[in-house]
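Me: Please take a close look at one part of this model, the ligand site. Describe what surrounds the ligand and how the protein touches it.

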Amino acid sequence: MRILVYGAGVLGSYLAHVLVRGGNEVTVLARGKRAVQLKTNGLVIRHYFQRRNTVDEVNVIQELTTDDLYDLIFVVMKYNDFPSVLSILAENQSSNIVLVGNNADALGMRNENSRKK
Ligand SMILES: NC(=O)c1ccc[n+]([C@@H]2O[C@H](COP(=O)([O-])OP(=O)(O)OC[C@H]3O[C@@H](n4cnc5c(N)ncnc54)[C@H](OP(=O)(O)O)[C@@H]3O)[C@@H](O)[C@H]2O)c1
């Protein structure tokens, strides 16, 4: 599958690693220094208890445009960060978007976003 992981922190990076190893075509949306790291070194993960490092190749983008189509988008960030990306996701034409995070109030976010329109 063609999958976007939107948010390249701890959880998003590990999710991207697992998805790559599962044979998917994975793109990561990252910003700032993290985007540079991923482009330069690949997706490097230190598996602490297994005492090994893995490096995976991922596509890296820094913004999501309306026409970037994915089979699946995982949005992996802190609860407070979701509102800043909802309008970007709403404009994108991909059909399957999964918000991953603690305290994600999907109904509340939908209602709040609807009121702004
Ligand atoms: N880590 C865990 O062990 C763990 C366990 C259970 C649940 N969770 C939950 O999983 C979620 C993700 O946790 P995490 O530990 O992966 O958080 P994290 O390391 O802080 O990663 C969040 C990522 O989202 C990015 N981000 C935020 N706003 C963005 C935006 N507008 N555009 C692009 N990227 C954006 C951040 O980029 P910047 O660095 O540029 O801000 C950061 O890379 C949270 O809800 C957390 O509560 C985490």
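Reply: A polar contact is a pair of N or O atoms within 3.5 Å; within protein, one must be able to donate a hydrogen and the other to accept it, and residues adjacent in sequence count only if both atoms are side-chain atoms. The model is predicted, so local features need pLDDT of at least 70 and side-chain atom pairs pLDDT 80 or more, while totals for chains, interfaces and linings use all residues. Residues are numbered from 1 along each chain as its sequence is written, and side-chain values use heavy atoms, leaving out hydrogens and water.

The ligand is surrounded by 16 residues, where a residue counts if one of its heavy atoms lies within 4 Å. Leu11, Arg31, Met77, Lys78 and Asn102 are the closest. By class, the shell holds 8 nonpolar, 5 polar (Gly is counted here) and 3 charged (Asp, Glu, Lys or Arg) residues. Helices α1 (10–21) and α3 (82–91) each contribute at least two residues to this shell; helices are DSSP runs of H or I with at least four residues.

Oxygen atoms of the ligand have polar partners in the protein. A polar side-chain atom of Lys78 lies 2.5 Å from one ligand oxygen atom. For Met77, a backbone N or O atom is 3.0 Å from an oxygen atom of the ligand, and for Val10 a backbone N or O atom is also 3.0 Å from a ligand oxygen. Taken alone, the ligand exposes 900 Å², of which the protein buries 67% (Shrake-Rupley method, 1.4 Å probe).
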